[in-house]
Every structure is written in C-alpha cells, then in structure tokens.
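Hi,

Here is the structure I promised to pass on. Have a look at it first, and then read my notes below.

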Amino acid sequence: MSTLFIDGRWVSATAGGTRQVVNPFDQSVIRTVDEAAATDAEAAVRAARAAFDDGEWRGWTARRRSLLLRRVAELLQRDRAEIARLETLDTGKTLVESGIDVDEVTSVFEYYATQAESDPGRLVDAGNPAVRSRVLYEPIGVCALIAPWNYPLLQIAWKVAPALAAGNTMVLKPSETTPLTTIKLVELLDEAGAPAGVANLVLGAGDPVGSTLTESPQVDMVSFTGGLATGSAIMASAARTVKKVALELGGKNPNIVFADADFEAAIDYALIAVFFHAGQVCSAGTRLVVEDALHDEFVAELTQRVERIKLGNGLDADTESGPLVSAEHREKVESYVSIAVDEGARLLTGGRRPDNPKLARGFFYLPTVFDDCHGGMRVVQEETFGPIMTVERFSEIEDAVRIGNDTTYGLAAAVWTGEARKAEYVARALRHGTVWINDFGPYLPQAEWGGYKRSGVGRELGHAGLAEYQEAKHIYENTAPEPQRWFAR
Ligand code: TXE
C-alpha cells in the first residue's frame, strides 16, 4: 500500500523512494514505506492550500468539525490494540505505555471536539452604544505539523486535534524513524470523513521533506516538536516568510526531593521520572536534586532499584523498559556517559550496554546513575534523552531553587516535600512550564503544556493550544454611522 496521503488519495513517492522502518528491539524490518522528495511535499502543500482556500472544508460549521474529532476519538478506541502494537514495534516502548498513549490521544481529540463547539468568540465593550464590537477566532490556514520519534502518535495528535478544531488544513510530517502510527491516524481521519486535502501526509527526512514545508510560502504556520538545534533552524527558516511557529524543544528537568518527602513515593517516582521509555521523554526528570540530609539513604535505595529494572521486548508483559529508538541515538547516549566520566561524575550503576545475549540485537542501554554532579557539567546541562540520571545535592531551599533554574531549558520540574507552603514557594520560584508537586509526569488535555526559555515557543494542549492555530479578528460595526467632517470641512 502507498503511504503518502495527498489530496484524499494514498500515493507513492513520485521518485520511487522507499525507507525501511526498523524494530529497535531486534532490527527486523516492520514495514517499507514511501520516502517522499521535495516535489511530494510541495504537492501536499498545494492540496492543503486548495482545500483551505476553495474546498468544502471552509463551509464546515464548528459543530461539524467537532463531530469529526469525536468520530476520530471513537475510531482510536476501536483500533486501540492494533495502534498500541504498532507503536511498540516502531519505538520499542512497552505495550502498556503504548496503550496509555492511545487513551491519552483519545482524550485530546475529545477535549478539542468540545473546544471546537464552545468557542463563539467574544463581544467587546467599545464604550459606544452604537458600536457592536466582536472578536472572532479563525483558522490560520495551512499548517505544517512536524513530529519526533519518542511519542509519535501522541505528539502529532497534540497538533492535529487543535488544528482541525480551529478549521485549518495541514500537512503531517512524522519522524522518518517512526511513521507507522501517523499513517494509521491519517487512515482514521479519512475514515472519519475529513474532506480531501484537509489532512495530508508526507514521510521522509527532515531535509528535504520537513524543510520544504517550513520554507514554503504557501504554509502559514509550523508546529514542531523535536530537538533544540532543529527547532532553532526551523524558526530561522520560518522567519523568511514570517510564518507563525510553535516549538516544543525538550528540557533538562529537575526533580527536587526534600528530606521531609514521602520516601517511598519519592523513590518510586524518581525512577519513573528518568527511566520511563528509557529516558526518551522531553519532560524526563533526569536531574535528581536531593537534600543533603536525605542523599545517602535515598541514592543507595534508588541505585538498588535501578539495577532491578527489567529490560526487554516491549511486547512482553514483564518488560519494564524497552530499547532506545535507534543505533544512532544509542551512540549519542553513550557519548554523554563518556563525557560525564571525563567531567568527574561518579558512576553508581549502568554506564554500558547490557550483557544479556537475548538483548544483543536491540539498541539497549543499561539504566545509569551518576552521583557527585553539578551544574557545570555538560551531562547535567544538555539533553541526553536516554536512561541517565544525574544526582546533585542541596542544603538550603534557595539552593534547590537555584539548581532547579540553572538550565537554559524550562519545560518541567517537580518538588517533593511534606510541607505545603515550601512546595508552593518552590513551585512558584521555578521557571518551568509545568511543575509537579509530589508527583512526576502527568499532564491534562485541558492544561497548557510547553516551555520557558529554550524549551520552546507557544503552548500545546489547553485553551492556548487551540489559540496557536487561530487568528483573532476584530469586527467593529458602527450601527449608526454619521459624517465626521474631519476633512474638506
Ligand atoms: O530530532 P529532530 P532527532 C531531542 C533529543 C534528541 C535530539 C535529536 O535530545 O536526541 O532532539 O533528535 C524533522 N526541517 N528530541 O534528530 O531533528 C525530523 O524529520 C524540518 C527532543 O531525531 O528534532 C523529525 O520529523 N523538519 C524531542 C523532527 O524534525 C526537520 C523529541 C524531529 O527531528 C528538519 C525528540 C528540518 N531541517 C528528540 N530536520 C522533544 N522535544 O520531545 C529534522 N526535521
């Protein structure tokens, strides 16, 4: 089957390009998909442009768009098992995690279905009874939606759902490493009744496929989730045609534990914070920042538990963590381990590939903990995006805040303490887009998600996540116009 979707039809890449999608657990080929060239990306943009400017989609009411989103949510649940399996094969994450992703994506479609219907704009008081002043929210136009490989379905869905709710047309560009669930999502959008040209799909390399989208004068907006360097290049590229951009560029997220925290819960979540999906999470709490008085006991217990994490095939029920996504990515993670050792961090566990021969064909890496870390180290400052925890310590609350803010990123942070006032103080002092108190990781479709500082521009989810895909139009209606006699009196 052809895997590019342009103007309502599944088509092959015009130049005949293909790419093999590989299972990171054993390097087997899961599927061969089309590899688009720039001309395919241009065709997808033309289709989206025509559907936005002249297609039937323009006439769809908010209610109809809402019903489309609800239908997609139903179809996601109907095919939940198939989608979860695809995601696990493609990314290596466990089947349980993939199932949770499908459920959360379903909630996001449901949330924006409701938002689409309940967004009538607003009346503004012009201070003049003869004037009716209204602000309407309209779609921006053609959106390029570019997603990464760690949460392929979830990240693209966080963009597709609000973009559709607002009435835009779009070109989806998943990561070339993990396109399978995005292909499936586009099949469901088609089945749900999205008109031809509304949601187009191109697959292939960031350059030329992604860059063709970000450079195109026919594209009005780019929403991107991925690495800092690529995000910065996309922003520069979008500047040439003054496109809107929304960027989510990861983080280096502190998990701050005070000595008065609930020990059992804090330990358990400290593991989840870093080793969930092998650390390939933009909000991973890779920087453990622990109070002096608790440090030794906490880190000793943590290290023991880290050594018991079961690596394996994401499809096996007892696997707790799968492989890294690719050989190339594992090399990046390994390079950070060498850097950390050179910088003087003390390796407590991990720091190498596992010995288990059953894992030999997968891109596995042992969960790793470094103690004696500080903010001057690259392993503490840069996104390793792997199963590497660094431990820093503090004695005063102000040190905890300073360490927590000692990063050019600002996506997420957590604070653990039994004292509510202290938690609130630290939560407010931290310059991160999400702060968890006595928890780590949850997000809600109805609450904004995004980063301060270099973690990005704009927000996903929540009302602001819809506003990213809207233009505000002010309509000022004078119901009793009278000559002003300003000129030519
Ligand atoms: O991501 P890229 P990569 C971080 C993580 C990781 C690093 C690099 O630290 O190690 O980024 O990962 C497309 N124009 N995150 O190289 O390059 C690309 O095809 C347009 C954090 O895999 O950012 C893919 O679809 N598009 C992150 C998408 O951008 C381009 C999640 C992401 O790829 C492009 C993943 C270009 N010039 C990695 N170049 C998070 N924020 O959660 C590439 N792309």
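Let me start with a small open sheet: it has 3 strands in the order β5-β6-β20, and the pairing is antiparallel. Its edge strands, each paired on one side only, are β5 (122-124) and β20 (470-478). Ignoring direction, neighbouring strands here are turned by 30° against each other on average. β5 and β6 (residues 131-139) pair over 3 bridges in the antiparallel sense, and Arg-122 stands opposite Val-135 in β6. For the terms: strands (E, at least two residues) and helices (H or I, at least four) are DSSP runs numbered from the N terminus, two strands pair if DSSP finds at least two bridges between them, and the angles, from 0 to 180 degrees, are between N-to-C directions of axes fitted to C-alpha atoms.

Do keep in mind that this is a predicted model, where local features need pLDDT of at least 70 and side-chain atom pairs count only at pLDDT 80 or more, while totals for chains, interfaces and linings use all residues. Residues are numbered from 1 along each chain as its sequence is written, and side-chain values use heavy atoms, with hydrogens and water left out.

Next, the open space. The largest pocket has a volume of about 1100 Å³ (a pocket is an open set of points on a 1 Å grid over the protein atoms alone, with protein on both sides within 12 Å along at least five of seven lines; lining residues have an atom within 4 Å of a point; the volume is the space filled by probe spheres set on the points). Of its 43 lining residues, Trp-149, Phe-224, Gly-226, Gly-227 and Thr-230 are the closest to the centre. Elements giving two or more residues to this lining are α7 (206-215), β10 (221-225), α8 (228-239) and α11 (327-343).

The second largest pocket holds about 450 Å³. Its lining has 20 residues, and those closest to the centre are Tyr-151, Phe-276, Val-281, Gly-441 and Tyr-443.

And what comes nearest to the ligand? Of the 26 residues around it (a heavy atom within 4 Å), the nearest are Trp-149, Lys-173, Glu-176, Gly-227 and Lys-332. There are polar contacts too (N or O atoms within 3.5 Å): a polar side-chain atom of Trp-149 lies 2.6 Å from a ligand oxygen atom, and one of Thr-230 lies 2.7 Å from a ligand oxygen atom. From Gly-206, a backbone N or O atom lies 3.3 Å from an oxygen atom of the ligand.

Cheers

Terms used. A polar contact is a pair of N or O atoms within 3.5 Å; within protein, one must be able to donate a hydrogen and the other to accept it, and residues adjacent in sequence count only if both atoms are side-chain atoms. On a 1 Å grid over the protein atoms alone, a cavity is a set of points where a 1.4 Å probe fits but cannot get out, and a pocket is an open set with protein on both sides within 12 Å along at least five of seven lines; lining residues have an atom within 4 Å of a point.
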